[in-house]
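Reader: I am new to this structure. Please show me how to read its features, one at a time.

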Amino acid sequence: MMQLIRRTGFITVTALMVLTTAQRSFANCSTWTAINSCTATCSSDCYLLNDQNCTDGQGITLNSGARLDMCGHTLTCTDASGVCPSKAAITMTANGSQVFNSATTSQAQIINPFQYGVKCDHTSTRVSGIRFENVGTVVATEDCAKVENNVFKDSEGVLLTGATGANTDEIHNNYFDNVGTAIEVNNRTAKITIDHNLFAMGAASVQDVALTNASNVVTNNNVFLGQGAPFDVSSSTVTYSANYCDPVSSNCATCVGNGQCFDPPPPFTMP
């Protein structure tokens with residue numbers, strides 16, 4: 001459990017981020033196929049044996065719906081002028097793959113400037129319980145069906161496009177800290193739900209959620225702290241419910257005025 005506390009002008013917000021345990025077992029870290037390389041290919045369920053310092057190669061590849069349990073380990077791009085800044089740390093080549101962390105005593109991390117953190121580009125995929133730091137010369141995650149319980153810090157964020165998608169896709173219970181654009185959705189017809197995320201964005205010029213040509217977006221119970229613009233919406237159909245912003249931010253009044261964010265009503269319940 002990670003406890004994140006940030007004081008705003010209207011309330012002390014405590015966000016509890018708890019890694020879900022569905023479909024996870026720490027036993028994966030001994031019974032699945034062990035990999036010990038930044039360039040490994042998994043065609044069946046696998047786990048990361050130890051921390052990896054990556055300089056070149058294609059990154060880890062998940063074939064045939066294979067799942068990767070990072071088991072509390074870290075993938076680090078150690079050569080900013082080498083090959084890894086032009087590669088994804090992890091790439092999925094089929095529907096159904098997942099990247100997650102079953103270790104309860106240590107973080108799973110993807111660190112430093114990989115081009116992508118996790119490149120899904122397929123349906124029924126999931127990225128859960130990973131810390132992305134200084135990741136993504138393009139984005140940290142691309143076209144992943146479920147993005148949940150992750151931490152994005154000093155990185156790029158989450159990108160969804162019209163390339164893949166199902167109405168059950170969701171971005172929820174993530175923490176974004178000083179991210180360029182936290183969530184970007186472009187040219188998408190399938191429904192996407194964005195809910196229970198916490199945004200701690202410093203600059204007024206950054207966009208927390210950017211939506212372009214997205215025809216069915218549901219946003220609810222998100223908390224926007226700092227100076228970032230909560231929503232930047234173009235040619236999109238969006239529903240808004242129980243999204244709250246920091247009244248200290250100049251962008252908050254605009255968000256409330258647009259009906260995208262709301263003044264917290266009494267009795268208040270934390271989203």
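**Strands, sheets, salt bridges and cavities**

Author: Start with one pairing: strand β9 and strand β12 (residues 108–111) run parallel and are joined by 3 bridges. Keep in mind that this is a predicted model.

Reader: Which residue stands opposite Thr-76 in β12?

Author: Ile-111 does.

Reader: How do strands pair in general?

Author: Through backbone hydrogen bonds, and the pairing is either parallel or antiparallel.

Reader: Which strand joins β9 through 3 bridges besides β12?

Author: Strand β6 (residues 52–54) is joined to β9 by 3 bridges, and the two run parallel. Here Gln-52 has Leu-75 of β9 as its bridge partner.

Reader: Where do the side chains of a strand point?

Author: In a regular strand they alternate between the two faces of the sheet. Now look at β9, residues 74–77. Thr-74 and Thr-76 lie on one side. Leu-75 and Cys-77 lie on the other.

Reader: Are these four residues of β9 buried or exposed?

Author: Thr-74, Thr-76, Leu-75 and Cys-77 are all buried. Both faces of β9 are therefore covered.

Reader: What is the strand order of the sheet that holds β9?

Author: The order is β6-β9-β12-β15-β18-β21-β24-β27-β30. These 9 strands form an open sheet with parallel pairing. Its edge strands are β6 and β30 (244–245), each paired on one side only.

Reader: Show me another pair in that order.

Author: Take strand β15 (residues 130–133) and strand β18 (residues 151–153). They run parallel, with 3 bridges between them. Glu-133 has Lys-153 in β18 as its bridge partner.

Reader: How many strands are in the sheet that contains β3 and β29?

Author: That open sheet has 10 strands, again with parallel pairing. Read the order as β3-β5-β8-β11-β14-β17-β20-β23-β26-β29. The edge strands are β3 (33–35) and β29 (238–241), and each pairs on one side only. On average, neighbouring strands of this sheet are turned by 15° against each other, direction ignored.

Reader: How many bridges link β5 and β8?

Author: Strand β5 (residues 46–48) and strand β8 (residues 67–69) pair over 2 bridges, in the parallel sense. Cys-46 stands opposite Leu-68 in β8.

Reader: Next topic. What makes a salt bridge?

Author: A side-chain nitrogen of Lys or Arg must come within 4 Å of a carboxyl oxygen of Asp or Glu. This structure holds 9 salt bridges.

Reader: Which residue does Arg-67 meet in a salt bridge?

Author: Asp-45, at 2.7 Å from N to O. The pair links distant parts of the chain, 22 residues apart. Arg-67 is in strand β8, while Asp-45 is in the loop between β4 (41–42) and β5.

Reader: Why does Asp-45 count as partly exposed?

Author: Because its relative accessible area is 21%, and buried means under 20%.

Reader: How far apart are the closest N and O atoms of Lys-153 and Asp-154?

Author: They are 3.8 Å apart, and the two residues form a salt bridge. Lys-153 is partly exposed at 23% relative accessibility. Asp-154 is partly exposed too, at 32%. Elsewhere, salt bridges that share partners join Lys-119, Asp-121 and Glu-142 into one network.

Reader: What is the N to O distance between Asp-121 and Lys-119?

Author: Their side chains meet at 2.6 Å. Asp-121 counts as partly exposed, with 22% relative accessibility.

Reader: Last topic. How many cavities of 30 Å³ or more does the structure hold?

Author: There are 2. The largest has a volume of about 60 Å³. Of the 13 residues that line the largest cavity, the closest to its centre are Cys-38, Cys-54, Gly-59, Ala-88 and Phe-114. The lining divides into 8 nonpolar, 3 polar and 2 charged residues.

Reader: What is the volume of the second largest cavity?

Author: About 40 Å³. Its lining includes Asp-208, Phe-224, Pro-230, Cys-245 and Cys-252. β27 (223–226) and α2 (250–257) are the elements that give two or more residues to this lining.

Reader: Which element gives the most to the lining of the second largest cavity?

Author: β27, with 3 residues. By class, the lining of the second largest cavity has 5 nonpolar, 4 polar and 2 charged residues.

Technical notes:
Residues are numbered from 1 along each chain as its sequence is written. This is a predicted model: local features need pLDDT of at least 70, side-chain atom pairs count only at pLDDT 80 or more; totals for chains, interfaces and linings use all residues. Side-chain values use heavy atoms; hydrogens and water are left out. On a 1 Å grid over the protein atoms alone, a cavity is a set of points where a 1.4 Å probe fits but cannot get out, and a pocket is an open set with protein on both sides within 12 Å along at least five of seven lines; lining residues have an atom within 4 Å of a point. Grid points are joined across faces, edges and corners, and a volume is the space filled by probe spheres set on the points. Ala, Val, Leu, Ile, Met, Phe, Trp, Tyr, Cys and Pro count as nonpolar, Asp, Glu, Lys and Arg as charged, and the others, Gly among them, as polar. Two strands pair if DSSP finds at least two bridges between them. Axes are lines fitted to C-alpha atoms, for helices over the stretch in contact, and angles run from 0 to 180 degrees between N-to-C directions. Buried means under 20% relative accessible area, exposed over 50%, partly exposed in between (1.4 Å probe, protein chains only).
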